[in-house]
Each structure stands twice: as C-alpha cells, then as structure tokens.
Amino acid sequence: MMALRHDDVLAALRDAGTPLSVVDVAQRLSIHPNTARFHLEALVKRGRAETIKPSRTKPGRPPRMFRAATGMDPDGPRDYRMLATVLADAFARQRDPQGRAVAAGRTWAKEKAIAHDAYDAPKADQALDRLTGLLAELGFAPERRSGDGDFGEIGLRNCPFLELADSRRDVICPVHLGLMQGALEAWDAPLTVDALIPFAEPGLCVADLAPKRRVS
C-alpha cells in the first residue's frame with residue numbers, strides 16, 4: 001500500500017464539495033484521525049487548504065472544518081522551462097535576436113546589480129569580485145582565470161539554462177553576455193566583458209574581459 005500523501009487528502013477535500021472535519025477525512029480515506037489531522041494542518045500551512053468557522057447546530061465545541069483553498073494551488077506543477085523556451089523562440093524570430101538578447105540581459109542585470117551592490121565605482125579587482133559573486137549567486141559556478149588581456153577571463157562551469165542553450169544558443173548566450181556587461185555598467189566598473197565564448201573547452205564557457213571604452 002502506498003503511503004498517504006498531502007495530495008490525497010487535498011483530493012478528498014476537493015471531491016467532497018463541502019467542508020470536512022478531521023473525522024470526516026479519516027473516514028473517507030480509512031486512516032487514523034491523527035494522520036488526517038497531520039496532513040490537514042500541513043495543507044493549511046502551505047496555503048493549499050483553509051479552515052472555516054463551523055456553524056453551531058449542536059451543543060458543545062464544534063469540530064474544526066477544512067476545505068480546499070480557493071484560487072490557484074501554490075504547490076501545483078510548474079514548467080518554467082516551457083516558458084523560457086517560448087520566450088527564447090520569440091526572441092529568435094525577431095530582427096537582430098542576438099542584439100535584443102544582449103540588451104535584455106543588460107537591462108535586467110543593471111537592476112539586479114544595483115540592488116545587490118550599491119556602492120561607489122569599484123576598482124578592477126573589486127568589480128571582478130562582485131561579478132563572480134553575482135554569477136555564483138545565479139548558478140554559473142564562475143572562476144577567475146588568467147588570459148591574454150590585462151584582466152584575464154572568467155570561466156563559467158555551469159549554465160543555468162544548459163538544455164535550452166543547446167537549441168537556442170543564439171539567444172541564451174547573448175543574454176548571459178548582456179547580464180555581465182549590464183552588471184559592470186551598473187557599478188561603473190573600469191572593465192567590461194568583451195565577448196562570451198560558449199563551450200570554449202569541454203564543460204566551460206569563457207568570458208573575455210577588457211578595459212571599458214570611455215566615451216569622449
């Protein structure tokens with residue numbers, strides 16, 4: 001016999017069409033009342049069920065009554081990969097998809113970076129520390145590496161959108177490039193990410209760092 005799940009109790013509440021007590025749920029599912037109470041309280045805590053004030057039709061303390069919460073289920077299935085795929089496909093069908101993707105990543109990162117580190121303009125090493133910290137927070141597993149330029153490069157050992165990058169590299173990688181550029185711009189750092197080389201080595205993408213071009 002399979003172990004009882006919260007979803008089984010929630011289904012019983014939904015099927016009933018009327019509020020149920022702990023005893024009602026226990027009888028419907030052939031379980032002990034303490035087991036029913038445990039699952040019901042867990043569902044209420046998660047916002048998936050709610051208690052209602054019982055009507056007093058008999059003397060004595062009325063039992064707590066439960067029903068499935070109205071509105072969307074906060075623990076219902078989610079498919080953010082599908083949403084990301086839809087948005088990436090939409091970008092790819094527009095004019096200059098790479099430029100638009102870079103701009104989107106840059107805009108988002110500027111807001112994120114300002115909220116993350118609202119300090120004075122950093123020096124190069126400070127900016128690199130902030131950038132690698134932000135990339136680590138976002139799941140890129142960054143590592144600073146020596147390179148041909150003055151600032152070296154950043155290796156990215158993980159791609160948070162790896163499956164999507166396989167089919168939409170023309171959009172996903174530019175978003176990542178814009179993200180890094182936007183963060184550095186927000187901090188007014190003396191350097192930028194000049195290019196992002198996807199899978200420059202097996203299991204590694206490389207962000208090339210370069211001095212920021214000052215507008216005269």
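A residue is taken as buried when its relative accessible area is under 20%, and by this criterion buried residues make up 34% of the 216 residues in the chain. The model described here is a predicted one. Its chain holds eight helices and seven strands, and among the contacts between residues at least 6 apart in sequence, 52% join residues at least 24 apart.

Three of the strands form an open sheet with antiparallel pairing, in the order β1-β3-β2. The edges of this sheet are β1 (20-21) and β2 (49-52), each of which pairs on one side only. Two bridges connect β1 with β3 in the antiparallel sense, and within this pairing S21 stands opposite M65 of β3. M65 belongs to strand β3, which spans residues 65-68. Because its relative accessibility is 16%, and buried means under 20%, M65 counts as buried. The C-alpha atoms of M65 and I52 are 5.7 Å apart in space, although 13 residues separate the two in sequence.

Helix α3 lies across β2 and β3 of this sheet, and runs at about 105 degrees to β2. The same helix, comprising residues 33-45, also packs with helix α2 (residues 22-29), at an angle of about 110 degrees and with the two axes 8 Å apart. Angles of 65 to 115 degrees count as roughly perpendicular, and α2 and α3 are therefore roughly perpendicular to each other. Their crossing is right-handed. On the α2 side the contact involves V22, V25 and A26, which meet P33, A36, R37 and L40 of α3. Classified by residue type, this contact of α2 with α3 comprises six nonpolar residues, no polar residues and one charged residue.

A further four strands form an open sheet in the order β4-β5-β7-β6, again with antiparallel pairing. Its edge strands are β4 (142-145) and β6 (191-201), and each pairs on one side only. Neighbouring strands of this sheet are turned against each other by 25 degrees on average, when direction is ignored. Strand β5, formed by residues 153-156, pairs with β4 in the antiparallel sense over four bridges, and one bridge sets P142 against its partner L156 in β5. At the other edge, β6 and β7 run antiparallel and are joined by seven bridges; the bridge partner of E201 in β7 is L204. The strands β6 and β7 form a hairpin with two residues between them, and in its turn G203 has a positive phi of about 75 degrees.

Two helices lie across strands of the four-stranded sheet. Helix α6, residues 124-137, lies across β4, β5, β6 and β7 (204-211), and its direction makes an angle of about 150 degrees with β4. Helix α8, residues 169-186, lies across β5, β6 and β7, and runs at about 150 degrees to β6.

Helix α8 additionally packs with helix α4 (residues 80-92), at an angle of about 100 degrees and with the axes 9 Å apart. As the angle falls in the range of 65 to 115 degrees, α4 and α8 are therefore roughly perpendicular to each other. The contact is made by A88, F91 and A92 on the α4 side, together with D170, V171 and I172 on the α8 side. Five of the residues in the contact of α4 with α8 are nonpolar, none is polar and one is charged.

Two backbone positions in the region of β6 also deserve mention. Most residues other than glycine have a negative phi. D188, however, has a positive phi of about 55 degrees although it is not a glycine. This residue, D188, lies in the loop between α8 and β6, and is partly exposed, with a relative accessible area of 37%. F199 is likewise a residue other than glycine with a positive phi, in this case near 50 degrees. F199 is located within strand β6 itself, and with a relative accessible area of 31% it is partly exposed.

Notes
Residues numbered from 1 in each chain as written. Predicted model: local features only at pLDDT ≥ 70, side-chain atom pairs only at ≥ 80, totals over all residues. Heavy atoms only, no water. Pairing = 2+ DSSP bridges. Axes fitted to C-alpha atoms, helices over the stretch in contact; angles between N-to-C directions. Contact = heavy atoms within 4.5 Å. Parallel < 35°, antiparallel > 145°, perpendicular 65-115°, else oblique. Left-handed = near helix turned anticlockwise from the far one by under 90°. Nonpolar A, V, L, I, M, F, W, Y, C, P; charged D, E, K, R; others polar. Buried < 20%, exposed > 50% of the residue type's maximum accessible area, 1.4 Å probe, protein only.
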